[in-house]
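Trainee: Could you take a close look at one part with me, the charged pairs, and then walk me outward from there into the rest of the model?

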Amino acid sequence: MPALTTRLRWLVGGGAVALAGALVVGAIAVLGARPVPPAMTYVPRDSVVVAELRSDFPGDQLSKVGNLLAHFPGYKDQSILGQKLDETLARITRSVTSGSVDYARQVKPWLAGPLYAGGSLSTTSGASNAEYVVVFTTDGTVTCAPFTGASPTTETYRGLTLDEATDSQPGACVIDGRQAVVGSVAWVKAALDAHATSQGIDGLADYRTARDRLGGDRLATLYIGRSALTAQLGGGLASAMPSLDPAVEQAVAGLPAWVIAGIRAEDNALVADVVSAPFKPTGGIPGMSLAPGTSLLSAPPAHASQVAGILPADTAVLYEVHGLGAGLQNLLTQVRALPDVGSQLGQLDAVLGTLGGASSLLGWIGDADVVVMPDGASATGGLVVLAPDDGTASAKAAQLVALLRLAGLSGGATTNVTETVIDGTTVTLADFGDLSSLLGSAGATAPGGTSIPPGTHLVVSIAAHGSAVLIGSGETFVRRILETAKGSTLADQASYRNAVALASARNDGQLYVAAAPVLALVEANLPAADRTRYESDYQPYLAPLDAILETTTSDASGLRVRLVLTVK
């Protein structure tokens, strides 16, 4: 087999195993303020992207990974955790390489400690190739042959033997004690220079700040530095890409100095974070400057979900945005400032004017939620929009009912509007008739290509529930919320509370997915032909899953997005 083909297969196999190993142990994350691993000191400071994988399980991560995996079949005995992980990775290696790579002999020796990788744009003028270096912490028994072949060319660099591949794929490798430095020739040399002169990424202020902001012991890391990117582009985006619109260039100039992402394990969860430096003010994007005296509305402060306190316990999906009304008004204000777009908004402004203007139409909207909940073997969904008070909610619900009547008349359809009382609350139901007829033909399809059976009705339900306006598909959505008793809401459930405790209760918005109702819907609609395989191959590994929660928070220090996957 040619040396190039062999090396590529080894790289594909080893890379897939390294990534799969990170997922198996629950990891793609970052360092905290901890002693610097030697491998990090080789990564050049001008790396645009820096990645890390910690197979040495820093700090508390070994015990956390073990406790997390104990929820899944085959991992309850913690005394053989290492053996079970090796068996899993060996199976993956055989699968992705069709048995051509042996994990224990050819891959594991390269993953005996922290792994770091750095990458950047090409330093050669006019070239588009990326430069990169990967620094392995090995067990001390490896050679460069998997990367450079059996007959590389060699040279001495900083007192070390540098092997360079002789085939059409450029690449180099150096073994420095337990560190194996692999990558493009220029960057392998740059890595040795960085290590010898203490100019590695570990000494970069932005990288240290990012690690500290991310915090905690992590299993891996991914960092992107803006200063290295602009430096690689020749001191500015415009010089590198002359055709770039100045407005876009100035917008890019306002991006944060760095972004870092990571995952750590907890006893009952995986926690992934994306953290950024502050977004820098740009002094206004050209062509989008606001008129004198025009200002944007302030976003509401981060706060806990109010809607979770009225939803039923088995809510499957909750997607919440805080301060939606203010955000939409700000968007309109900014779009109007664009010369090429603002002049075309006359018709929209005219429509908004008939409805009282953007402020009247949107100003009352606080938090807004998209909600999905079970409805037998199917699901129902709708919107929950918070108003400032109960009176405003009732008034806006009445306006929406009037709009539904108007929409039905203007569309040429006969809209049957009725009212019913559920748990003391008046609910308006607007039946627009056969949905397939509304769409123009009996063979109409919904978005995504799903056919709509003839006789399927479009029914919209509207009700005011305290300060919340409920807008649902059919009666069930509104009924289930109105009949939810205190103490039996989503906010009262352990699954939701546990996820929130690991994420951020006070946030700018969130996405929550409950595993139990979602899996119940999947299983209820699973074809009989697939049920046996599902129950044997998938269900045992899906059953321990509890919930997924993503929260977003931002302040003067920057942005943090946290994703939590919990198990029972």
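Mentor: Sure, let's start with Arg54 and Asp56, whose side chains meet in a salt bridge with an N to O distance of 2.9 Å. Keep in mind that this is a predicted model. The two partners don't sit in equal surroundings: Arg54 has a relative accessible area of 11%, so it falls under the 20% cut-off and is buried. Asp56, at 33% relative accessibility, counts as partly exposed.

Step along to Phe57 and the backbone does something worth a look. Phe57 isn't a glycine, yet its phi is positive, at about 50 degrees. You'll find Phe57 in the loop between strand 1 (49-54) and helix 2 (61-69). Its relative accessible area is 17%, so this one is buried too.

There's another case of that kind in the model, at Asp423. Here phi is again positive, near 50 degrees, in a residue other than glycine. Asp423 belongs to the loop between strand 14 (416-422) and strand 15 (425-434). With a relative accessible area of 62%, Asp423 is exposed, whereas Phe57 is buried.

Back to the charges. The count of salt bridges comes to 17, and a couple of others deserve your time. Take Arg218 and Asp273, with side chains that meet in a salt bridge at 3.1 Å, N to O. That pair links distant parts of the chain, 55 residues apart: Arg218 comes from the loop between helix 7 (205-214) and strand 8 (220-225), and Asp273 from strand 10 (residues 269-276). What about burial? Arg218 has a relative accessible area of 2% and is buried, and Asp273, at 1% relative accessibility, counts as buried as well.

Now look at Asp314 and Arg480, which form a salt bridge with their closest N and O atoms 2.9 Å apart. Asp314 is in the loop between strand 10 and strand 11, while Arg480 is in helix 17 (residues 475-482), so this bridge ties together parts of the chain that are 166 residues apart in sequence. Asp314 is partly exposed, with a relative accessible area of 29%. Arg480 is partly exposed too, at 24%. Then there's a network: Asp60, Lys64, Arg264, Glu266 and Asp267 are joined into one by salt bridges that share partners.

For a counterexample, go to Glu131, which has its place in strand 3 (residues 131-137). Glu131 is buried but has no salt bridge, and the nearest side chain of opposite charge, Lys189, is 11 Å away. The cut-off for a salt bridge is 4 Å, so Lys189 is out of range for Glu131. What the Glu131 side chain does have is a polar contact of 2.7 Å with the side chain of Ser184.

Contacts across the sequence don't need charges, of course. Ala228 is in helix 8 (residues 226-232) and is buried, with a relative accessible area of 8%. Its C-alpha is 5.2 Å from that of Val48, even though the two are 180 residues apart in sequence. Setting aside neighbours within four places in sequence, Ala228 is in contact with Asp46, Ser47 and Val48.

Try Asp390 next, in helix 15 (residues 390-410). At 47% relative accessibility, Asp390 counts as partly exposed. Its C-alpha and that of Ala464 are separated by 7.8 Å, with their positions 74 residues apart along the chain. With neighbours within four places again left out, Asp390 is in contact with Gly466 and Ser467.

While you're on the outside, find the nonpolar surface patch of about 320 Å² made by Tyr319, Val370, Leu383 and Leu511. Tyr319 has its place in strand 11 (residues 317-321), and at 43% relative accessibility this tyrosine counts as partly exposed.

Finally, zoom out. The protein has 20 helices and 20 strands, and buried residues make up 41% of its 568 residues. Its accessible surface comes to about 26900 Å², with 59% of that belonging to carbon and sulfur atoms. Among contacts between residues at least 6 apart in sequence, 68% join residues at least 24 apart. The Asp314 and Arg480 bridge fits that picture, joining parts 166 residues apart.

Key:
Residues are numbered from 1 along each chain as its sequence is written. This is a predicted model: local features need pLDDT of at least 70, side-chain atom pairs count only at pLDDT 80 or more; totals for chains, interfaces and linings use all residues. Side-chain values use heavy atoms; hydrogens and water are left out. Patches are made of residues with over 30% relative accessible area and no salt bridge: like charges are joined within 9 Å, nonpolar side chains (Val, Leu, Ile, Met, Phe, Trp, Tyr) within 5 Å. Accessible areas come from the Shrake-Rupley method with a 1.4 Å probe; for residues, only the protein chains shown count as cover. Helices (H or I, at least four residues) and strands (E, at least two) are DSSP runs, numbered from the N terminus. Buried means under 20% relative accessible area, exposed over 50%, partly exposed in between (1.4 Å probe, protein chains only). Lys and Arg count as positive and Asp and Glu as negative; His and the chain ends are not counted. A polar contact is a pair of N or O atoms within 3.5 Å; within protein, one must be able to donate a hydrogen and the other to accept it, and residues adjacent in sequence count only if both atoms are side-chain atoms. Contact means heavy atoms within 4.5 Å.
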